[in-house]
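Trainee: Could you take me closely through the largest pocket of this model, what lines it and which elements contribute, and then set it beside the enclosed cavities and the sheets?

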Amino acid sequence: MVGVRENPNSNSNAYNLQFGPGIIDPPGANSSIGQNFVFGPPNNAYEGEPDLFNFSVMGISGKFMMGNNGKVAVECDDPNVKVDVSQMNRFSALNFCGNDLTSSIKITDGKGNQYFFGGDMSKFELSYAAKDILFSEGFNGVPVINSFSISKIILANGKTIEFDYYNPNLSYNFCHNPYTEVSTTPSREPLFSIETYFQQGTRVDNWTTCTSPFPYQCVPAGQSVASSQEFVTLLKKSLLTSIRYDGNEIKINYKSIGYSLKHRYSAPKYLNEWVIDNIETYSNSRLLKSTTFSYDNFGGNNQRPFLKSVKENETNKEYSFEYTGTYNLPPYYTKGVDHWGYWNGNDSNPYLAPYSSYNGQTGDYDLINTFRDPSSIYYSATLLSKIVYPTKGSTEFEYEPHDYSKRVERNSSHDFYPFLEPKTGNAGGARIFKIKNYSAPGILSTEKEYRYKSTRNNEQGTVSSGTLMHWPRYHYYFEFDYGFSKRILLLTSSSNHQKNSLDSYNVGYSTVFEIENNNGYKEYNFTDYNTNPDNYQSEFDGENYLNTIKFSNIFDGIGIQPLNLYRNFQNLYGIDKSITRGKLLYEKFYKESGTFPQKEVQYDYHDNEGYNQFFNEADDNYVTIYHTSGIWAQAYKKFFNASYLRSKSVRNYDDYGNELQVAGTEYIYNSHYNSNLSEEITTFGDNSVLKKTYKYASDLLIGNPDQPSSFPAEYRFISSMYRKNMLSVPLVTTEYKNNTFLKRSQTLYNFDSNLTIPTLPSQDLLYTEDKVTNIGGFNGTYSVPTIGFATVVQSYDQYDSSGNLLQFTSKTGVPTSIIWGYNKKYPIAMVEGATYPIAGSSLGTDIPQTLIDNIVNASVTDMAQPVGNDEAALLLALDNFRKDPTMANYQVTTYTHDPLVGVRSITPPNGIREYYKYDTAYRLEKIKDLNDGTLTEHLYNFKH
């Protein structure tokens with residue numbers, strides 16, 4: 001990332017291997033360029049393979065990478081997400097640590113919400129890996145930041161959510177000798193855990209030196225190195241302890257499980273695992289709710305903690321949990337794992353690199369009946385098997401092993417590029433087989449079975465719909481013929497270095513049937529590697545296909561066998577299509593004994609390349625990544641567009657499969673200025689067509705966003721939205737029926753040149769005529785609604801400093817004022833027909849400020865009382881407000897609340913008050929009248 005930031009270029013230039021930024025010496029030079037070709041010289045090198053980051057927060061998720069131009073490329077369903085890494089500091093090796101470490105990342109979504117990650121040491125997860133170090137021998141490893149924790153969220157309305165983490169004040173010495181820091185201060189133990197993993201490998205590198213071409217007179221020479229290495233990792237965790245929002249707080253408290261998790265069979269230092277003990281919810285320092293977590297210790301001699309129950313202390317409601325296969329678990333350092341890392345029970349296994357068959361001429365291999373095959377017994381060990389609810393109803397889960405009928409392979413028949421091969425087998429891990437819901441012990445209410453077959457039949461021989469995405473390779477064998485000498489290279493590694501795809505899952509299923517007892521079944525079909533393979537289209541003829549080039553000519557004339565395996569020694573890549581896989585293609589709904597579906601819903605999606613031909617940034621939204629494999633360098637494209645829904649259709653059928661009705665919607669992305677949804681076109685069963693079009697801030701950029709005065713006054717807010725990245729908010733929606741204009745709605749926002757107040761709606765407009773004006777703007781000519789033809793449906797006249805609406809005016813011109821109490825958290829009065837005082841203004845107002853202050857102060861006093869307190873004083877203040885002579889001509893509604901619980905009373909203009917009662921879990925139980933009569937009652941039952 002550093003090299004790209006300091007030496008920006010363009011993705012198209014970087015893609016040019018002949019003259020791109022990664023090349024230092026020209027092709028054909030007589031010296032080996034090696035890593036210089038890809039990464040440049042050591043000082044401020046152009047970084048050809050930047051780090052890929054993943055993020056997930058508040059319903060948005062995606063990936064990002066520093067682009068070739070020094071700007072961050074983002075893949076997300078929100079196309080306007082921006083990532084700021086300007087405060088992400090760089091540190092070398094051991095020169096960062098302690099409480100003075102600061103580094104942060106800011107992500108802003110398309111609605112203007114800001115998310116901050118990292119900051120101080122407590123908000124990073126760090127790992128320190130070392131070989132054969134038991135942490136009693138000192139430490140000289142290099143710390144690595146694994147993740148940045150969310151530290152703060154600033155919402156578009158100006159409100160803030162803050163996150164605190166366990167911070168035991170680590171010293172600078174921590175990075176140099178973490179053992180001392182951990183062992184001398186017990187209070188720091190919750191932060192740490194020790195993990196062990198093994199790496200085994202062999203390198204056999206044999207040469208024969210020959211003095212004449214033929215017959216060879218060769219002298220053998222060479223070396224063979226075998227290794228079996230244990231690695232120990234100290235993990236410094238980031239433990240969330242508090243979430244604070246608007247005067248409320250959630251506290252997370254931890255406890256030790258009371259015993260050590262042994263990361264190897266003998267070590268001088270073990271650490272206890274820490275788990276969540278309880279979670280407490282506070283409102284203005286008042287405890288509202290507490291939840292306690294309890295645990296069972298399963299595993300025999302190698303026990304682990306398992307969540308046993310979650311109990312709501314105020315109600316004594318308890319949820320309990322059960323698990324499969326927890327009696328005899330392996331040690332943490334077991335080598336009994338399958339190819340995908342799941343436990344297979346072979347704990348006595350001394351090796352991790354299995355060998356079955358290998359063809360040294362072709363490079364092909366197979367792995368059959370090895371000690372790393374998946375287990376048919378232990379595949380579901382430790383998985384959740386049952387949840388028991390407070391009602392004593394329950395849900396049970398049954399599992400079965402993953403299987404597949406196809407797998408993504410690399411072998412000689414396809415030059416070791418990924419292809420789909422029809423092979424069957426099982427993979428590690430488990431999939432859900434049945435879900436059973438019981439309304440009471442022994443009383444089955446629903447049962448769902450899942451079949452992962454190409455047809456619903458479950459007879460033996462029915463083909464799995466699964467595709468195995470990752471098939472491991474542990475061995476490589478090469479022969480090099482230099483003419484006067486020969487070389488044999490054999491490499492073995494227990495780590496799988498073969499990447500067949502960038503998908504995060506092992507098995508993907510194209511068809512899944514969900515069969516519910518006595519309620520029919522559903523068929524789901526998904527995209528997979530068969531429908532959406534990676535793009536390996538050749539870029540060059542001859543040897544330089546897939547945009548590759550030899551990084552030195554000193555290997556010219558050398559016979560390499562097998563050549564294509566050596567070329568793919570570290571995998572040559574196509575254009576990644578993993579984001580387009582695993583998407584729902586169709587779902588069909590059947591009666592229990594039906595042959596034909598009653599209903600079918602079909603989906604189609606845009607590709608992640610070139611889905612918007614009108615917006616150049618969509619086509620150009622890729623990063624060129626440099627990569628070496630064997631003696632070749634490759635430049636390949638990683639696109640960062642999402643795969644958006646293109647269309648959805650719904651078809652209904654009769655019992656004989658005859659189509660009764662069809663309706664569908666197309667989703668179109670054709671703006672010249674953004675990647676947002678531009679149009680929705682829905683065709684109904686009667687063939688009528690409803691079309692909706694959307695415009696956003698970048699579609700109305702009729703001025704320079706950095707110069708608000710360049711906009712007409714009513715559109716200056718566009719500059720605020722642009723600078724706050726509120727680019728995913730639709731501002732104009734137009735509807736047409738059968739190509740005839742129906743209506744247009746538009747929302748205007750307030751404007752603040754200093755960006756110090758939230759950008760919030762100021763007016764809702766309605767157009768009954770299709771009137772637009774073409775105006776020259778920042779990037780061209782824009783079609784803008786002609787505001788003079790609009791009707792104001794509602795205006796939003798005032799907001800307070802917390803973004804709360806204080807006054808709005810309807811289309812009839814009648815104002816309504818809202819008074820906020822409880823420290824500006826909840827409305828306590830709504831006055832229809834009256835205007836709200838304007839702070840600092842000498843203009844007259846309908847509601848005296850003193851009346852507002854009286855009820856606001858009364859609500860603050862009430863807020864300090866326990867939940868369910870006698871709120872007579874607040875009700876009296878509100879009644880006095882209602883009865884004040886200045887309020888005689890207005891419609892007044894008043895409200896009282898228990899913060900974080902709900903409204904306690906509503907008194908409408910007629911004065912007939914309603915009271916809201918809650919149970920011990922703070923769920924609405926009854927609504928009562930003034931005479932304590934029950935108006936409405938709510939009963940809560942669990943539905944499975």
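Mentor: By class, the lining of the largest pocket in this predicted model divides into 20 nonpolar, 13 polar and five charged residues. The volume of that pocket is about 1100 Å³, and of the 38 residues that line it, those closest to its centre are Lys 71, Val 72, Lys 82, Glu 617 and Asn 621. Four elements each supply at least two residues of this lining, namely strand E3 (72–76), strand E4 (82–84), helix H6 (616–619) and strand E37 (622–629); E3 gives the most, with four residues.

One of these elements, E37, also belongs to an open sheet of three strands, in which the order is E33-E38-E37 and the pairing is antiparallel. The edges of this sheet are strand E33 (548–550) and E37, each of which pairs on one side only, and from one strand to the next the twist averages 25 degrees. Between E33 and strand E38 (residues 632–639), which run antiparallel, there are three bridges, and Ile 549 stands opposite Ala 633 in E38.

The enclosed spaces are a separate matter, and the count comes to five cavities of 30 Å³ or more. The largest cavity holds about 60 Å³ of space, and its lining is formed by Lys 499, Asn 500, Ser 501, Leu 502, Asp 534, Tyr 536, Tyr 573, Gly 574, Ile 575 and Asp 576. Sorted by class, this lining has four nonpolar, three polar and three charged residues.

The second largest cavity contains about 50 Å³ of space, and the residues lining it are Tyr 355, Ser 356, Ser 357, Tyr 358, Tyr 365, Asp 366, Leu 367, Arg 473, Tyr 474 and His 475. Strand E19 (357–358) and strand E20 (365–366) are the elements that give two or more residues to that lining, which has five nonpolar, three polar and two charged residues.

A further open sheet, of four strands with mixed pairing, follows the order E24-E23-E27-E30. Strand E24 (419–421) and strand E30 (507–509) stand at its edges with a single partner strand each, so one side of each is left without a neighbour in the sheet. The twist here averages 30 degrees from one strand to the next. Within this sheet, strand E23 (residues 406–409) and strand E27 (residues 466–468) run parallel and are joined by two bridges, and the bridge partner of Arg 407 in E27 is Leu 468.

Strand E55 (residues 924–928) and strand E56 (residues 934–937) run antiparallel and are joined by three bridges, with Lys 926 opposite Glu 937 in E56. These two strands form a hairpin with five residues between them, and in the turn Asp 932 has a positive phi of about 70 degrees.

A word on confidence belongs with all of this: the protein averages a pLDDT of 86, and 86% of the residues score at least 70. Confidence is lowest in helix H3 (residues 35–39), at a mean of 44, and highest in strand E21 (residues 384–388), at 98. The pLDDT stays under 50 over residues 26–42, a stretch for which the model has 43 contacts beyond four places in sequence. Over residues 210–219 the pLDDT is likewise below 50, and this stretch has 19 contacts in the model beyond near neighbours in sequence.

Technical notes
Residues numbered from 1 in each chain as written. Predicted model: local features only at pLDDT ≥ 70, side-chain atom pairs only at ≥ 80, totals over all residues. Heavy atoms only, no water. 1 Å grid on protein atoms, 1.4 Å probe; cavity = no way out; pocket = protein on both sides within 12 Å on 5 of 7 lines; lining within 4 Å. Points joined across faces, edges and corners; volume = space filled by probe spheres on them. Nonpolar A, V, L, I, M, F, W, Y, C, P; charged D, E, K, R; others polar. Pairing = 2+ DSSP bridges. Axes fitted to C-alpha atoms, helices over the stretch in contact; angles between N-to-C directions. pLDDT = per-residue confidence, 0-100. Contact = heavy atoms within 4.5 Å.
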